[in-house]
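This report describes a model with two chains, first through the sheet of each chain and then through the contact between them. Please keep the sequence and the structure at hand while reading.

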Amino acid sequence: MALLDVRDLRVSFDTDDGTVYAVQGMSFSVEPGQTLGIVGESGSGKSVSTQAIMGLAPGATVTGEALLEGADLLTMSEDELRHIRGRTVSLIFQDPLTSLHPLYRVGAQIAEVMETHAQMNRKAALERAVELLGLVGIPEPKKRVRDYPHQFSGGMRQRVMIAMALALEPKLIIADEPTTALDVTVQAQILELLGRMRKDFQTAVILITHDLGIVADVADDVVIMYGGRPMERADVRAAFIEPHHPYTQGLLQSIPSYSGRMGRLLPIKGYPPSLMRQIQACPFAPRCPQAHDECLVAPPPLKPVGTSPGHLSACVLPSDAVGLPAHDAQATPAEAAVGGVEP
Amino acid sequence: MSTSTQGDLAVDATDAQVLLEVDDVVKHFPVRSGALIDRTHAQVRAVDGVSFSLKVGETLGLVGESGCGKSTLARLITALHPVTSGHVRFRGQDITALNRRQMRPIRKSVQMVFQDPYGSLNPRRRVGSILSDPFSVHEKMSRAEVKRQVQELMARVGLSPEHFNRFPSEFSGGQRQRIGIARALALRPDLIVCDEPVSALDVSIQAQIINLLEDLQDEFMLTYVFIAHDLSVVRHVSDRIAVMYLGKLVETGPVEEIYSNSRHPYTASLLSAVPVADQAFRTARRERVILTGDVPSPVNPPSGCRFHPRCPKAQAICATEEPPLEHKTGDPIGHLTACHFPVNPGETLANASRDAVPAPEAAVGATEGVDQ
């Protein structure tokens, strides 16, 4: 059974300017011990989805189902949800400075989680906090446990957050852009740490990011979101080598190639959709180079595509139409030659 | 032993094609404290002796992590900050010595595109009015002529000229960055310093802006200094790369050379740390080096080589003697590295040991022996 199974999640917010339809039919599932990447651009609804599930989207209208080990999170009371957050599911956010209380020592903040949720006494909880800080690679944990958040660097603060998330050995960690605020070399440290923790504790991870590179690096499966809906789901290898959905293909062709210059980039034309109206068609259709008439009738459901099991795409194109068009064909030989020569 | 760089730089400088020359530029910001008596008790050494030159039509990619001084360097080039010492020469003229009046023609030729298209546009002014500014400050034009110029400019950067009367908030992030580019382009500059121009944008929009910048470069013979922390983007747009660490240039050279044959351990680790989606590259990629620790504070940078506390190859000499930015034997002209023990081709940094200390002479000898 899936650890978390989200079905047809819809989240909307009523604002002074009208209703914002942030998530419009999101479905995904996470198996125990699996790392699922959720990728999307700003406004695609990737963060709101998980926040709504965990009861952290105040003022939102949420419908659908979110089954955590069979129990629907969306029908739970605030008390029940609070019990699950921290115990079964932990969250790590982008900015560790705003997620930590500036006036409490980090040790006390980590210990508090265990005192509240695991009925540990202060002394045992503090000892465990020292242990956890050591585990996530903070030097001199005995001393640092008495420091305040501002005395830590960005990378170290994110380590503290991970220590806190691991405190009760949750079954699922939701990490929302955990390394976006960090430098590349520090990001590499944190991703390596997350990977190691996941292996040691058998924790499932939902990693929300805009960076396809991070997903390629650490995730098992990936869901690509656009306009509040899932466009494609696949294991990481299939998603990058045999993408089916034109949006996924567009995204991959927008990134400058790392293995060499390839002439011009192929951007996706146009701009993301407005969230002020409900989607009646494929949200990507207005920007899609291969849009058909039927794309405008109703949003296509996820269907199995390609050759690898579990590869799903919400697109009407034939299910064997996977893979990127050859990139080199786009750059004329002359262009390619100019790219390699210094002016 | 390695040959000196000073010769190479001097040759570059006399070249008629050289547009910008940055010569041993230093910028220190004082750290002040005290309520009544203002006391300076420390210096943030943001940029600490950086030299390079830039030819017409070239793109220099400036990379480094936060706090390495790349944005400060950008502001020194555009004369938005005065330098503490050193010289910035634009077309041979030392702009650090100019007064405001003398600077005016230079300001037309040197422009900047900022990272945050939200923060760099006045939200209460219409786009037409924002884009008219360069013309009304620098040119004597009738209002009708200015409007015509602005609309032409908007069309050139892919904005609809009818949106002349809109406010910045009515545009999306990508469109706002186009406004920022239009503003920089207005007076037909020679040099545009782009400080993280696509970092705030989504990938699909990012590619549009990169293509636009490249088209404009070809059309107007622009020279770019391109600052970005995304190393794939930098690789795509740049002809040459300069890598900064804590206020110093640690390595510079032609783009392919830096990416395929980086000699400085910091460059090598930085490149290996980038998560890459490109599957062809992932399979071909060398080992991954994960540096320990964080970037130290520029207030009190480490002695000797500033990278030595994190360097997998550091030896005793690295803590005491600062390595010069110089040409290493076997590298092509223009590839300069500031390191006592540069990375050899094929060497695995992950296995490098700080403790197994080879004699410095032996290490240099090994470098020389390798044919590249």
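Two strands are taken here to pair if DSSP finds at least two bridges between them. On that footing, 8 strands of chain B of this predicted model form an open sheet with mixed pairing, in the order E6-E7-E8-E3-E9-E10-E12-E11. At its edges lie strand E6 (110–113) and strand E11 (326–327) of chain B, each of which pairs on one side only. Within this sheet, strand E3 (residues 59–63) of chain B pairs with strand E9 (residues 240–245) of chain B in the parallel sense, over 4 bridges, and Leu62(B) stands opposite Ala242(B) in E9(B).

Chain B as a whole holds 13 helices and 12 strands. Of its 372 residues, 44% are buried, and among the contacts in chain B with a separation of 6 or more, 65% are between residues 24 or more positions apart.

**The sheet of chain A**

In chain A, an open sheet of 8 strands has the order E6-E7-E8-E3-E9-E10-E12-E11, and its pairing is mixed. The edge strands, each pairing on one side only, are strand E6 (89–92) and strand E11 (303–304) of chain A. Starting from the edge strand E6(A), 4 bridges join it to E7(A), and the two run parallel; strand E7 (residues 172–176) of chain A is in turn joined by 5 bridges to strand E8 (residues 204–209) of chain A, again in the parallel sense.

The residues that stand opposite each other in these strands are set out below.

| Residue | Opposite residue | Strand of the opposite residue |
|---|---|---|
| Leu91(A) | Ile174(A) | E7(A) |
| Leu172(A) | Ala204(A) | E8(A) |
| Ile174(A) | Ile206(A) | E8(A) |

Ile174(A) thus appears in two rows, standing opposite Leu91(A) and also opposite Ile206(A) in E8(A). Because 4 of the 5 residues of E7(A) are buried, this strand is largely enclosed by the rest of the structure. The connection from E7(A) to E8(A) passes through helix H8 (residues 184–201) of chain A, and the three elements make a right-handed β-α-β unit.

**Confidence in chain A**

The mean pLDDT of chain A is 87, with 93% of its residues at 70 or more. Among the elements of this chain, strand E12 (residues 312–313) of chain A has the highest mean pLDDT, 96, whereas helix H12 (residues 333–340) of chain A has the lowest, 32. Over residues 328–343 of chain A the pLDDT is below 50, and this stretch has 17 contacts in the model beyond near neighbours in sequence. Where pLDDT is low, the predicted coordinates should not be read in detail.

**The contact between the chains**

How many residues does the contact take from each chain? It takes 38 residues from chain B and 39 residues from chain A. On the side of chain B that touches chain A, the elements that give two or more residues are helix H7 (203–220), helix H8 (231–237), helix H10 (265–273) and helix H11 (279–284) of chain B. H7(B) contributes the largest share of that side, 7 residues. By residue class, the side of chain B that touches chain A divides into 17 nonpolar, 13 polar and 8 charged residues.

Note on methods
Residues are numbered from 1 along each chain as its sequence is written. Chains are lettered from A and ligands numbered from 1 in the order in which they are written. This is a predicted model: local features need pLDDT of at least 70, side-chain atom pairs count only at pLDDT 80 or more; totals for chains, interfaces and linings use all residues. pLDDT is the predictor's confidence in each residue, from 0 to 100. Two residues are in contact if their C-beta atoms, placed from the backbone, lie within 7 Å. A residue is buried if 20 or more other C-beta atoms lie within 10 Å of its own, exposed if 12 or fewer, and partly exposed in between; C-beta atoms are placed from the backbone. A crossover is right-handed if, with the strands pointing away from the viewer, the path from the first strand over the helix to the second runs clockwise. Ala, Val, Leu, Ile, Met, Phe, Trp, Tyr, Cys and Pro count as nonpolar, Asp, Glu, Lys and Arg as charged, and the others, Gly among them, as polar.
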